[in-house]
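Subject: Structure handover

Hello,

Here is the structure for you to look over. My notes follow below it.

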Protein chains: 2
Amino acid sequence: MARARADGTSEAQGAEEGEKRGSLVDDAYAAMRDAIRDASFAPGYQASEQEIALRLGMSRTPVHEAAIRLQEDGLVRVLPRKGILILALAPDDMREIYDVVIAMDGRAAELVAVLPEAARLAAAQTLDAHTDAMAAAHAGGDLPGWGVADAAFHAALIAQARNGRMSRIVQAINDQSHRARMLTLNLRPTLAASIAEHRRIAQAIRTGSAGAALDAARQHRIRARNELLPLLERFGLKHL
Amino acid sequence: MARARADGTSEAQGAEEGEKRGSLVDDAYAAMRDAIRDASFAPGYQASEQEIALRLGMSRTPVHEAAIRLQEDGLVRVLPRKGILILALAPDDMREIYDVVIAMDGRAAELVAVLPEAARLAAAQTLDAHTDAMAAAHAGGDLPGWGVADAAFHAALIAQARNGRMSRIVQAINDQSHRARMLTLNLRPTLAASIAEHRRIAQAIRTGSAGAALDAARQHRIRARNELLPLLERFGLKHL
DNA sequence: GCGCGCCATCTTCCATGCAAGATGGAATAC
DNA sequence: GTATTCCATCTTGCATGGAAGATGGCGCGC
């Protein structure tokens, strides 16, 4: 069920033809996805398959097939006979994305909270470790580090729920919103509140309180949403 | 943002679904998806792209690209240099699927319940109409009709939440579980309970009780899950 | 100057060819 | 009889060419 994601670091430049890894389609997919994530391909940019193929040192076919997968993931749109459009995120997209993670994180927390006690305790410990990292980054003024630890917390929460479909959905959603998260990291005022809420989620899981875990995870995401969306509107960030 | 899906899922826009029959890839995608849905392609069957292309009267290329989309949707698996494998659903897959719809239906109900009053009332009326159809089918012993009306209720609930990403996720999940729903329709004992629960969801939406709507939708799906999964295990339905 | 149509050009869509990996069965060794 | 090797065949991965649609600029009419 797990899609093979070649997670090699992307060289955005010349694609030297070296070792034979997976398929060229996977290479093209990974390269394009990473380029979109780090904004090498800016949103709104309209690329041609020929040009990308040339840059990656392959023919148009694997680029085309990778573009289909990226479109399915919601990262680009293939305009018939016009080209590949890198999609931008509007505030309304962020609203949609938040509603999905509110639902998923809540159910995931609930599921983890009803695991057998040993698994529950291990999960809570893992989650607390990530929260510790967030607190340390916060104390040290390391904003990117805070973001990484925060992402790790939520990724661990989903992973512990042991649901491949939920994992893939959240992964796709995260790919879409990665740019926005990077941009808005320094806009978010209440890092401390997040840390406290993460503690509450882990504690509810530790005690096996499914309802409390569900509620804590939901409220955490809902607060983040209510905090971020007005900021996006205020700053007029029409496309992220 | 709405991808042109052959079955016409899309956002609310005045534009009519013209169903442009321009792309062979779309044709192949729709044909293969429908064949999988109604079990013309049985799970476990390993098809060759050449054979499908021949049957659809096109070359291998559009079939191959459609297969990529179907794989992304979780309906098939493309085995490198071996063929296209129609995926089967195990009870564990149904567990995963139910957890996703529990999360999504709950959030959707909550979102609909906080709409402005006019929209809320209209939504509740639509939902009740579907529930009426379920009751009528139940009274008339029309099991397939009951299933159609039940699906319409849940589709309407998601649609009213006005979240394209949620719609697409639920649509993909439904595509995966369609066969299983058809098979298990006559195994489910408590149709009457579903009808009563649907009424509760609609009522909570009507009164704008977000928490009650969330809980009613969640409990409805959770009960269905707890009812169905043991049946699947009992009957030894390893692959659906 | 201004609007309109035409066409050169750019782009994807799809068919097809070639190459390489995977497979099953036959032939062989023991 | 059993295990092993080899190869004919089937399959997809990828490259490439022709075809058709979309676009923007240029010239023409006014």
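B:Arg77 stands opposite B:Leu85, a residue of strand 3 of chain B. This is a predicted model, so please read everything here as computed. Strands 2 and 3 of chain B pair in the antiparallel sense, over four bridges. They belong to an open sheet of three strands in chain B, with the order 1-3-2 and antiparallel pairing. Strand 1 (46–47) and strand 2 (76–79) of chain B stand at the edges. Each has a single partner strand, so one side of each is left without a neighbour in the sheet. As general background, strands of a sheet pair through backbone hydrogen bonds, either parallel or antiparallel.

Now chain A as a whole. Its secondary structure comes to nine helices and three strands. Along the sequence the pattern is α-β-α-α-β-β-α-α-α-α-α-α. Chain A has 240 residues, and buried residues make up 36% of them. Take the contacts in chain A with a separation of 6 or more: residues 24 or more positions apart account for 71% of these.

Next, the two protein chains together. How many residues of chain B are in contact with chain A? There are 20, and they meet 20 residues of chain A. On the chain B side, helix 3, helix 4 (91–113) and helix 7 (164–184) each give two or more residues. Helix 4 of chain B has the largest share, ten residues. By class, this side of chain B has nine nonpolar, three polar and eight charged residues.

How are the two copies related? A turn of 180 degrees, with a shift of 0.0 Å along the axis, lays chain B on chain A with an RMSD of 0.2 Å. That is the relation of a two-fold axis. In chain B, the C-alpha nearest the axis belongs to B:Ala103, at 2.5 Å from it. The same surface serves both copies, as 95% of the contact residues of chain B recur in chain A.

Then the DNA. I take the strands one at a time.

Strand D first. There are 19 residues around DNA strand D. Which of them come nearest? They are A:Ser23, A:Leu24, A:Ser59, B:Ser48 and B:Glu49. Four elements each supply at least two residues of the surface near DNA strand D. From chain A they are helix 1 (24–37) and helix 3 (60–72). From chain B they are helix 2 (49–56) and strand 3 (83–86). Helix 3 of chain A gives the most, with three residues. The surface near DNA strand D has seven nonpolar, seven polar and five charged residues.

Strand C next. Around DNA strand C there are 19 residues, and A:Ser48, A:Glu49, B:Leu24, B:Ser59 and B:Thr61 come nearest. Here chain A gives two or more residues from each of helix 2 (49–56) and strand 3 (83–86). Chain B does so from helix 1 (24–37) and helix 3 (60–72). Helix 3 of chain B has the largest share of the surface near DNA strand C, three residues. By class, that surface divides into seven nonpolar, seven polar and five charged residues.

If you open one view first, try the contact between the chains, with helix 4 of chain B in front. Then turn to helix 3 of chain A beside DNA strand D.

Best wishes

Note on methods
Residues are numbered from 1 along each chain as its sequence is written. Chains are lettered from A and ligands numbered from 1 in the order in which they are written. This is a predicted model: local features need pLDDT of at least 70, side-chain atom pairs count only at pLDDT 80 or more; totals for chains, interfaces and linings use all residues. A residue is near a molecule or strand if its C-beta atom, placed from the backbone, lies within 6 Å of it. Ala, Val, Leu, Ile, Met, Phe, Trp, Tyr, Cys and Pro count as nonpolar, Asp, Glu, Lys and Arg as charged, and the others, Gly among them, as polar. Two residues are in contact if their C-beta atoms, placed from the backbone, lie within 7 Å. Copies are superposed by least squares on the C-alpha atoms of residues with pLDDT of at least 70 in both. Two strands pair if DSSP finds at least two bridges between them. A residue is buried if 20 or more other C-beta atoms lie within 10 Å of its own, exposed if 12 or fewer, and partly exposed in between; C-beta atoms are placed from the backbone.
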